[in-house]
Amino acid sequence: METNSSDVVLYTVTVPIQIIQLILGIAIIIVNSLVMIAYGMDRDIRSVPANVFIINLSISDFITGVDILTRLAWIRTSPMIHIFESTSCLVIGALHYGCLLTSVIMVILISWDRFVLLSNPFRYRLRTAQHNVKLAIFGWCLSLLYIAFVIFAYPAVYKAFYGLSVPKGICIETQLPHSFIAMSISVEFLIPLGIILFFNVGVVVKLARGTDAKLRKQREELRGESIIGLSDLSTIPHVDTPGNSNTLENGSRLNTEETHSSGDVTEPVQNGAERPQTARDVRLQKSIRREWNKVRRTARLLNFFVLVFIVCWLPFYVLLIVDLFSPVDEKRLTGSSLNLYFNSFVNPFLYAFMSRKFRRRFLLMSKCKRR
């Protein structure tokens, strides 16, 4: 930051970072525009209630792209106008905080939607898109309340912290009291991260328990069929044949020497031999591997989502914490803030582009086809 003769603080950014901001802002607008267009064109996409949160996430990220370009124009023109003598600071600051917080809220709602799907599938099927629309509107309202609180509470907090009124040229974009930094870290990062982790861990636990119950049922069914099969063998009549020392006597020897199968594990008989593995056993083993592979893939995917969120958000807030005790170079803060914006670029790939219906619509759009 620089200060001119009229004590107006100017927000300065180096030219390389301005170029990165320009490219990133345009890229964010393009990818999120594709998601919004696909949602508007495809009825199948709109019929999925969870996609309500995805489209609202794309809208908030699209506004983030606009926010980046607005800030770039603000930076380029700031030496020529007294930006803090107008409403520019409040408007741009409100846009900044609103976009980021709304994006985080929509990610939380997407994680919650997955958790509800596995917790109560029957109740989830009864939900319609209108239910999720109400939740999305509630998320936007929370963001607006947070924006209003930040804008109107900032002067009072600044006066309480520094012991004087907000001087000319000071704004939430250029100087934050420590209490505001702590609130920003908690509301925008720590609390959302904890909620997202809770829902993602819950999804993996629910999926693992459901898979285990399904496989246990398959084992019990197979065990029941094996027992029935052995009881049928016990009804074979006694037939004496010359030289046959292992004649079945009403099936008693068979029942005392063999044990039945218990699921996918082949149990040995008493004489040391093993029951031959049947085709049903092989299918069950393949089913077990397939089901648990799904659980592992889901866990890795959700861990990747959380990792991306942490990588994009953590550096900026770490620097804010460091700045509480030792001033951090403005270039580092500006560079770390690019990570926050990069999250708005990757969100469509993490949530929309992984949907089969969205991918099908993107493919049709690339071929200039509606159907």
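These legends describe close-up views of one predicted model.

**View 1. The whole fold is built from eleven helices and two strands.** The protein is a predicted model of 371 residues. Along the sequence, the pattern reads β-β-α-α-α-α-α-α-α-α-α-α-α. Buried residues make up 41% of the protein. The accessible surface comes to about 20,300 Å². Carbon and sulfur atoms hold 64% of that surface. Now take the contacts between residues at least 6 apart in sequence: 73% of them join residues at least 24 apart.

**View 2. Arginine 360 meets aspartate 42 in a salt bridge.** The N to O distance is 3.2 Å. Arginine 360 sits in helix H11, which covers residues 356-366. Aspartate 42 sits in the loop between helix H1 (15-41) and helix H2 (43-46). The two residues are 318 residues apart, and the pair links distant parts of the chain. Are these partners buried or exposed, or somewhere in between? Arginine 360 has a relative accessible area of 36%, so it counts as partly exposed. Aspartate 42 has a relative accessible area of 3%, so it counts as buried. The cut-off for buried is under 20%.

**View 3. Arginine 361 also forms a salt bridge with aspartate 42.** The closest N and O atoms are 3.2 Å apart. Arginine 361 belongs to helix H11, while aspartate 42 lies in the loop between H1 and H2. This pair, too, links distant parts of the chain, 319 residues apart. Here both partners, arginine 361 and aspartate 42, are buried.

**View 4. Arginine 360 has a salt bridge to aspartate 44.** The side chains meet at 3.3 Å, N to O. Arginine 360 lies in helix H11 and aspartate 44 in helix H2, so the pair ties together parts that are 316 residues apart in sequence. Aspartate 44 has a relative accessibility of 39%, so it counts as partly exposed.

**View 5. Four residues are linked in a network of salt bridges.** Which residues are linked in this network? They are Asp42, Asp44, Arg360 and Arg361. Asp42 pairs with Arg360 and with Arg361. Arg360 pairs with Asp44 as well. A search of the whole structure finds three salt bridges.

**View 6. Serine 344 is a buried residue of helix H10.** Its relative accessible area is 2%. That value is under 20%, so serine 344 counts as buried. What is serine 344 in contact with, leaving aside its neighbours within four places in sequence? The contacts are Ile28, Asn32, Asp61 and Thr64.

**View 7. The structure holds one cavity of 30 Å³ or more.** The largest cavity has a volume of about 90 Å³. How many residues line the largest cavity? There are 13. Val107, Phe305, Val306, Phe309 and Tyr351 lie nearest its centre. By class, the lining has eight nonpolar, four polar and one charged residues.

**View 8. Four helices each supply at least two residues of the lining of the largest cavity.** They are helix H4 (88-119), helix H7 (178-233), helix H9 (279-325) and helix H10 (330-352). Helix H10 appears in View 6 too, as the helix that holds serine 344.

Notes: Residues numbered from 1 in each chain as written. Predicted model: local features only at pLDDT ≥ 70, side-chain atom pairs only at ≥ 80, totals over all residues. Heavy atoms only, no water. 1 Å grid on protein atoms, 1.4 Å probe; cavity = no way out; pocket = protein on both sides within 12 Å on 5 of 7 lines; lining within 4 Å. Points joined across faces, edges and corners; volume = space filled by probe spheres on them. Nonpolar A, V, L, I, M, F, W, Y, C, P; charged D, E, K, R; others polar. Buried < 20%, exposed > 50% of the residue type's maximum accessible area, 1.4 Å probe, protein only. Contact = heavy atoms within 4.5 Å. Areas by Shrake-Rupley, 256 points an atom, 1.4 Å probe, with all protein chains shown as cover.
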